[in-house]
Amino acid sequence: MSYPIGIPGTPWGPAEIAMWRSRQTKQRDFRDDVLRAIDALRDRFDVSEYGSLDYDGERFPLLAVRGRGWRDDRPVMLVTGGVHGYETSGVHGALQFLREHGNDYAGQANLLVVPCVSPWAYERIHRWNPDAIDPNRNFREGSPSGEAAALVELLAPLRGRVLMHIDLHETTDSDETEFRPALAARDGKPFEPGEIPDGFYLVDDSENPQPAFQQAVIAAVAKVTHIAPADANGEIIGSPMVAPGVIEYALKELGLCAGITGARYTTTTEVYPDSPRATPQQCNDAQVAAVRAAIGYALTHAGLG
Ligand SMILES: [Zn+2]
């Protein structure tokens, strides 16, 4: 199977990237869906703009939502969504969590939620930014992704104070039909077909594994939606399953979002929205359940090393 842009075996240059970008059309509105929902939270939370992106003359403000009563002696609980704009429940799960449970931790922790890291991709239902860059391999200083650079800068002053960071994602059928073939074409590599797991799973940090924390999140989500089983090789999406519904990546080395802060407890959720057994609302509910379980575990174990 060959991707319709570029020459197989040759990495894309500016012409191929421009052609790719010209094929991406706006399919939904960041302002209507996300900014309006954040506006409705302003009476209960502190909303700030931590940066903005300008693409083809269109400005996308980047917004962070903080719980009231922020105190420096309390641990920070960080929730990020929409690092991959097409992963819808990451964005809407973060917003639903704020609406329904964002005030549950007042007096115990400082809550910081960034519901949509990548707004241009949210509108185009894509994984990359307009330069065909995946923000989620580029969370580092001097990042070529404006989305990633702005978030790294927002979080830099909080280094050492974030106790828990949960990054909300999805693994979709379109990963296999569009995004992985596009990635192979962009990099001039052959596309190797893989398997999309049917169910929810988590990505832990191989450099700082926290198995009990991950299992607390899995147990909470299992009440809402089904957890992905391992495939015939004992793997999920090409990585060994180390515990029910859990795989590990070297988050920081790979430039992944959940590796930014150096938090003790980090996890990346992967909701499967294309399952015949999961509705969009269930996907949002699964993200909310994951966030609540992650914060709850971190609060209970805050004092332990
Ligand atoms: Zn993702």
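**Strand S10, its sheet and the surrounding packing**

Both faces of strand S10 are covered, with Tyr265, Thr267, Thr269 and Val271 buried on one side and Thr266, Thr268 and Glu270 buried on the other. In this predicted model, S10 spans residues 265-271, and seven of its seven residues are buried.

The strand belongs to an open sheet of eight strands with mixed pairing, in which the order is S1-S2-S4-S3-S5-S10-S6-S9. Strand S1 (45-55) and strand S9 (246-249) form the edges, each of them pairing on one side only, and neighbouring strands of the sheet are turned against each other by 20° on average, direction ignored. Within this arrangement, S10 pairs with strand S5 (residues 162-170) in the parallel sense over seven bridges, and Val271 in S10 is the bridge partner of Glu170. The pairing of S10 with S6, by contrast, is antiparallel and extends over three bridges, with Tyr201 standing opposite Glu270 of S10. S6 and S9 pair in the parallel sense over four bridges, and Val203 is found opposite Ile247 of S9. Helix H5 (residues 146-155) lies across S1, strand S2 (58-67), strand S3 (76-81) and strand S4 (110-114), and runs at about 145° to S1.

The largest nonpolar core comprises 83 residues, of which Tyr50, Phe139, Leu151 and Met164 touch the most other members; helix H8 gives the most to this core, with eleven residues. When neighbours within four places in sequence are left aside, the contacts of Met164 are Val76, Met77, Leu78, Phe213, Ala263, Tyr265, Ala294, Ile295 and Ala298. A second core, separate from the one just described, has eight residues, among them Tyr201, Val203, Ala228 and Ile247. In soluble globular proteins, nonpolar side chains tend to be buried together.

Helix packing was examined for H7 and H8. Two packed helices are described by the angle between their axes and the distance between the axes. For helix H7 (residues 211-222) and helix H8 (residues 280-300), the angle is about 145° and the axes are 8 Å apart, and the crossing is right-handed. The contact is formed by Ala212, Phe213, Ala216, Val217, Ala220 and Val221 of H7 together with Ala286, Ala289, Ala290, Ala293, Ala294 and Tyr297 of H8. By class, twelve nonpolar residues take part in this contact of H7 with H8, with no polar and no charged residues.

Backbone geometry in the loops was also considered. Most residues other than glycine have a negative phi, and most peptide bonds are trans. Asp56, in the loop between S1 and S2, has a positive phi near 50° although this residue is other than glycine; Asp56 counts as exposed because its relative accessible area of 75% lies over the 50% cut-off. A positive phi, near 60°, is likewise found for Ala132, which is located in the loop between helix H4 (119-124) and H5. Ala132 is classed as buried because its relative accessible area is 3%, whereas the cut-off for burial is under 20%.

A further loop, between helix H6 (173-187) and strand S6 (201-205), contains Glu192, which is exposed because its relative accessibility is 54% and exposure requires over 50%. Glu192 and Arg99 are 93 residues apart along the chain, and their C-alpha atoms are separated by 41 Å.

Key
Residues numbered from 1 in each chain as written. Predicted model: local features only at pLDDT ≥ 70, side-chain atom pairs only at ≥ 80, totals over all residues. Heavy atoms only, no water. Axes fitted to C-alpha atoms, helices over the stretch in contact; angles between N-to-C directions. Helix = DSSP H or I, 4+ residues; strand = E, 2+ residues; numbered from the N terminus. Left-handed = near helix turned anticlockwise from the far one by under 90°. Contact = heavy atoms within 4.5 Å. Nonpolar A, V, L, I, M, F, W, Y, C, P; charged D, E, K, R; others polar. Core = buried A, V, L, I, M, F, W, Y, C linked by side-chain atoms within 4.5 Å. Buried < 20%, exposed > 50% of the residue type's maximum accessible area, 1.4 Å probe, protein only. Pairing = 2+ DSSP bridges.
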